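Q: Could you take me through one part of this protein up close, namely the open sheet with parallel pairing? I would also like to see how the whole chain sets the scene for it.

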Amino acid sequence: MGKVLIIGAGGVGTVVAHKMASIPEVFSEIMLASRTKSKCDAIAEKIGGNRIQTAQVDADNVPELIELINSYKPDLVVNVALPYQDLTIMDACLETGVSYLDTANYEPKEEAKFEYKWQWAYQEKFKEAGLTAILGCGFDPGVTSIFTAYAAKHHFDELHYLDIVDCNAGDHGKPFATNFNPEINIREVTQKGKYWENGAWKLTEPHEIHKPLNYPEIGPKESYLIYHEELESLVKNFPTLKRARFWMTFGQEYLTHLRVIQNIGMAGIEPVQFKGMDIIPIEFLKAVLPNPGDLGENYKGQTSIGCRIKGLKDGKEKTYYIYNNCDHEDAYKETGTQAVSYTTGVPATIGAMMFLKGLWKQPGVFNVEEFNPDPFLEELNQRGLPWHELHDVDLEL
Ligand code: NDP
């Protein structure tokens, strides 16, 4: 049915390649390209059956991207490299007339700022070119935004309160490791907290607000209010929201390491001089931390991510909780990666499928909650991430 070019061969790229290869009726031809071609080759070899072609590309370099896209001629480019590459890949897509999908919003390297403004600015260009750009199609952002759209479509007349709750109750046996790219992860969790209330953003100190939340099949876990990028598009697309917050669980051991890393300057994004060279502390830190892609082997336990919503239906107040639990060991058995890569790669694959099937194909730049959630969630159930709904529950527990 369609030809895709995946860019990025990390944990998420590994899952996308595995999943797409297992659905030949939709993904008839697949190319995996990344900065280090040997990583693409290793993934392709593991999948076998000559399903995946590979290539080397520097995705910071627009002419290189254009050359690769023109030579392969895909229907869609799936960007699972880093957020720094979003705009160069979007530029190359516009230049070559190919649609685009990613899982994280653009972030300038020199400033840890998670905002959609840079990518939303491409709206007219994609519209005029008749191309689709699907933004943020991982789990969060991604499935959490689609869960919200599903709730609005089927269960509420007005959404009032949204809490996105993200728990990783897994144990990888290492004193400190991040579950996806360390640089992006540490930049994200060390920034100030931010949430939406009564039409304005409220700022908090990092990890200032926290409380135990009860997760299905897991139990209570201390959860911290942090800013997460899907809040920006959700409050825009669901303007009846009076409050929107994002909570993530962290263990004490993780927070202690994080505090030390920050206190000694290792989370810095400004270059420092070392032996006559400029090095960026957080990039050096990434080089010495465990590779998130290698955590899977001994990872035990589950993730649980969902949306807790309160609003109005037929004039009455209603509460609703929609979530997925994913088991690290199951994810590893299927794709050789842990659940955080798995829960990102599967939605990216399904988003690409929605585009190729013509179900999510419109000219312009879209966040995933702007599309029909139903066919996506049907596939999510079939493709390894079944979801569950609870009605009229106490959301404070
Ligand atoms: P990794 O660091 O494991 O992989 C990133 C890959 O991108 C690597 O293969 C890397 O190449 C490649 N890459 C980096 N820079 C370039 C470049 N200039 N040109 C070509 N390739 C490049 O990250 P993850 O797989 O963990 O994450 C991938 C993306 O998914 C990130 O954007 C992350 O923010 C996002 N994400 C989204 C989530 C969601 O739920 N929405 C959750 C988790 C992650 P090399 O191997 O040479 O370093």
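A: Happy to; here is the setting, followed by the sheet itself. This is a predicted model, in which local features need pLDDT of at least 70 and side-chain atom pairs count only at pLDDT 80 or more, while totals for chains, interfaces and linings use all residues. Numbering starts from 1 along each chain as its sequence is written.

The protein has 14 helices and 18 strands, taken as DSSP runs numbered from the N terminus (helices H or I, at least four residues; strands E, at least two). Its C-alpha atoms fill a box of roughly 55 × 55 × 40 Å along the principal axes. Of the 397 residues, 49% are buried, that is, with 20 or more other C-beta atoms within 10 Å of their own, the C-beta atoms being placed from the backbone.

Now for the sheet. Seven strands form an open sheet with parallel pairing, in the order β3-β2-β1-β4-β5-β6-β17; two strands count as paired if DSSP finds at least two bridges between them. At the edges stand β3 (52–56) and β17 (364–367), each with a single partner strand, so one side of each is left without a neighbour in the sheet. From one strand to the next, the twist averages 20 degrees, with axes fitted to C-alpha atoms and angles running from 0 to 180 degrees between N-to-C directions.

Zooming in on one pair, β1 (residues 2–7) runs parallel to β2 (residues 27–34), and six bridges join them. Within this pair, Ile 6 of the protein stands opposite Leu 32 in β2. In general, strands of a sheet pair through backbone hydrogen bonds, either parallel or antiparallel.

Note on methods. A residue is buried if 20 or more other C-beta atoms lie within 10 Å of its own, exposed if 12 or fewer, and partly exposed in between; C-beta atoms are placed from the backbone.
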